[in-house]
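Here's a quick walk through one chain, starting with a couple of single residues and then zooming out. Have the viewer open while you read.

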Amino acid sequence: MRKTIIGGVFRNPEEAVQAIEGLHDMGYKKEDISVFAKDSDDVKGIENETRSEVTEKDSGRGKNAGKGLGIGAGTGGVLGGITGIIAEIGLLAIPGIGVLAAAGPLATTLSGAAIGAGGGGLIGVLTGAGIPKEHAKEYEDYLNKGHIVVLVEADGEREDKLYGHFSNSNSLNTHTYPERVRIK
């Protein structure tokens, strides 16, 4: 059966939490949900609060920069209220974005990818997962503005319901959804 990755973009952690809790109600597990948010805290603050060593390569390639459920909460960062309802959060240093708090299957792919000029960074991972390039670029733009991106893989039977759920949860990117599911 065909599967599609559907994303919602949220202004703040409260909206993202509401959307993720609704995904759980729909039967999605925390391991099914990918979440990305720019963490505005500095790297040293992340190290101090999480007791995790954060590494950044001088080569400009992002590396997995730290792991642990306390990362978002410990930094006072954007994912603080979300940590209990999604999979383990990791921090990635991504060229053009900075420090990105990330969780879920796409975050795992991103942490293992060769990020940088040759690897395509976040946009490359998202397009490689089947997200249209213009949507992937838009997700990156939303992250740079401080918003939270939530992504879930849906089979054809739950696709419209998922679009509706994100729309009802105040997703900022509903203009990218198919016309048939847009709430007017």
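G98 sits in strand β5, which covers residues 98-103. Keep in mind that this is a predicted model. Is G98 buried, exposed or partly exposed? Its relative accessibility is 31%, so G98 counts as partly exposed; the buried class would need a value under 20%, and the exposed class one over 50%. Which residues does G98 touch once neighbours within four places in sequence are set aside? Those contacts are L92 and A93. There's also a long-range pairing to look at: K38 is 60 residues away from G98 in sequence, yet the two C-alpha atoms are 7.4 Å apart in space.

K38 turns up again around H147, where it is one of the contacts. H147 belongs to the loop that links α6 (133-144) to β6 (148-155). With a relative accessible area of 16%, H147 is buried, because the cut-off for that class is under 20%. Skipping neighbours within four places in sequence, H147 has contacts with V9, F10 and R11, with F36, A37 and K38, and also with Y142 and L172.

Side by side, the two residues look like this:

| Residue | Location | Relative accessible area | Class |
|---|---|---|---|
| G98 | strand β5 (residues 98-103) | 31% | partly exposed |
| H147 | loop between α6 (133-144) and β6 (148-155) | 16% | buried |

Now for a helix pair. Two packed helices are described by the angle between their axes and the distance between the axes. For helix α1 (residues 13-25) and helix α7 (residues 159-168), the axes come within 9 Å and cross at roughly 150 degrees. That makes α1 roughly antiparallel to α7, since the angle is over 145 degrees. The crossing of these two helices is right-handed. On the α1 side, the residues that meet α7 are Q18, A19, G22 and L23, and their counterparts in α7 are L162, H165 and F166. By type, the residues of this contact comprise 4 nonpolar and 3 polar ones, with no charged residue.

Zooming out to the whole chain, there are 7 helices and 6 strands. Going along the sequence, their order reads β-α-β-α-β-α-β-β-α-α-α-β-α. The chain has 184 residues, and 52% of them count as buried. As for how the chain contacts itself, take the contacts with a separation of 6 or more: 65% of them join residues 24 or more positions apart. What's left on the outside is about 8,600 Å² of exposed area, with carbon and sulfur atoms supplying 47% of it.

Definitions and conventions: Residues numbered from 1 in each chain as written. Predicted model: local features only at pLDDT ≥ 70, side-chain atom pairs only at ≥ 80, totals over all residues. Heavy atoms only, no water. Axes fitted to C-alpha atoms, helices over the stretch in contact; angles between N-to-C directions. Helix = DSSP H or I, 4+ residues; strand = E, 2+ residues; numbered from the N terminus. Parallel < 35°, antiparallel > 145°, perpendicular 65-115°, else oblique. Left-handed = near helix turned anticlockwise from the far one by under 90°. Contact = heavy atoms within 4.5 Å. Nonpolar A, V, L, I, M, F, W, Y, C, P; charged D, E, K, R; others polar. Buried < 20%, exposed > 50% of the residue type's maximum accessible area, 1.4 Å probe, protein only. Areas by Shrake-Rupley, 256 points an atom, 1.4 Å probe, with all protein chains shown as cover.
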